[in-house]
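Hi everyone, thanks for making time for this. I'd like to walk you through one structure, so let's put it up on the screen.

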Amino acid sequence: MTLYQFIGLDIDHQADYVWQSKHVDTRHEGDFEILLYNLGDFYAEVFYNHVLNEITRIKGFKAISHLAPYISLKKSC
């Protein structure tokens, strides 16, 4: 699947595809737990809202710059 095909899916189908891929890292931001997955040619972030107890967004991307929050997280540990 390409990034553009993934982006064209609804959130339920995106989630189904993400759960079959490799979990890479997790970070926290406000009420969100953001889970990073490697889907081969691209990455996806799953935004889980603790307050609502639901996935509110899934963001697919290829730009390496979007990995910066995870690299910063590792440096601060």
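Before we start, one term: when I say that two residues touch, or are in contact, I mean heavy atoms within 4.5 Å. And please keep in mind that this is a predicted model.

Let's begin with the sheet. It is an open sheet of four strands in the order E1-E2-E3-E4, and the pairing is antiparallel. E1 and E4 are the edge strands, each pairing on one side only. On average, neighbouring strands here are turned by 20 degrees against each other, if we ignore direction. As a quick reminder, strands of a sheet pair through backbone hydrogen bonds, either parallel or antiparallel.

In the middle of that order, strand E2, residues 32-38, is joined to E3 by seven bridges, and the two run antiparallel. You can find one spot on that pairing by looking for Asn38, which stands opposite Tyr43 in E3. Helix H2, residues 11-19, packs on the sheet and touches E2, E3 and E4; the direction of H2 makes about 70 degrees with that of E4.

Let's stay with H2 for a moment. At its N-terminal end there is a cap: a side-chain oxygen of Asp10 lies 3.0 Å from the backbone nitrogen of Asp12. Which residues are buried in H2? They are Gln14, Ala15 and Val18. Looking down the axis of H2, these buried residues fall within an arc of 100 degrees, so they line one face of the helix. What do they pack against? Helix H1, residues 3-7, together with E2, E3 and E4.

Now to Ile11, which also has its place in H2. Ile11 counts as partly exposed because its relative accessibility is 33%, and partly exposed covers the range between the 20% and 50% cut-offs. Leaving out residues up to four places away in sequence, Ile11 touches Ile55, Thr56, Arg57 and Ile58. Take Ile55 from that list: Ile11 and Ile55 are 44 residues apart in sequence, yet their C-alpha atoms are 8.7 Å apart in space.

On to the interior. The largest nonpolar core has 11 residues, including Leu3, Phe6, Ala15, Val18, Leu35 and Ile58. H1, H2, E2 and E3 each supply at least two residues of this core. Another core, of six residues, lies apart from it, with Leu36, Phe47, Phe61 and Leu67 among them. Back in the largest core, Leu35 is a nice residue to click on: beyond its neighbours up to four places away in sequence, Leu35 touches His23, Asp25, Thr26, Ala44, Glu45, Val46, Tyr48 and Tyr70.

Two more residues before I finish. The first topic is Arg27, found in strand E1, residues 22-29. Is Arg27 buried or exposed? Arg27 has a relative accessible area of 11%, so it is buried, the cut-off being under 20%. The side chain of Arg27 also makes a polar contact with the side chain of Glu29, at 2.7 Å.

The other is Asn53, which sits in the loop between strand E3, residues 43-49, and strand E4, residues 54-61. What is the phi of Asn53? Near 55 degrees, a positive value in a residue other than glycine. Asn53 counts as exposed because its relative accessibility is 56%.

That's my tour, and I'm happy to take questions.

Methods. Residues are numbered from 1 along each chain as its sequence is written. This is a predicted model: local features need pLDDT of at least 70, side-chain atom pairs count only at pLDDT 80 or more; totals for chains, interfaces and linings use all residues. Side-chain values use heavy atoms; hydrogens and water are left out. Buried means under 20% relative accessible area, exposed over 50%, partly exposed in between (1.4 Å probe, protein chains only). A polar contact is a pair of N or O atoms within 3.5 Å; within protein, one must be able to donate a hydrogen and the other to accept it, and residues adjacent in sequence count only if both atoms are side-chain atoms. Two strands pair if DSSP finds at least two bridges between them. Axes are lines fitted to C-alpha atoms, for helices over the stretch in contact, and angles run from 0 to 180 degrees between N-to-C directions. The arc is that of the directions from the helix axis to the C-beta atoms. A nonpolar core is a set of buried Ala, Val, Leu, Ile, Met, Phe, Trp, Tyr and Cys residues joined through side-chain atoms within 4.5 Å.
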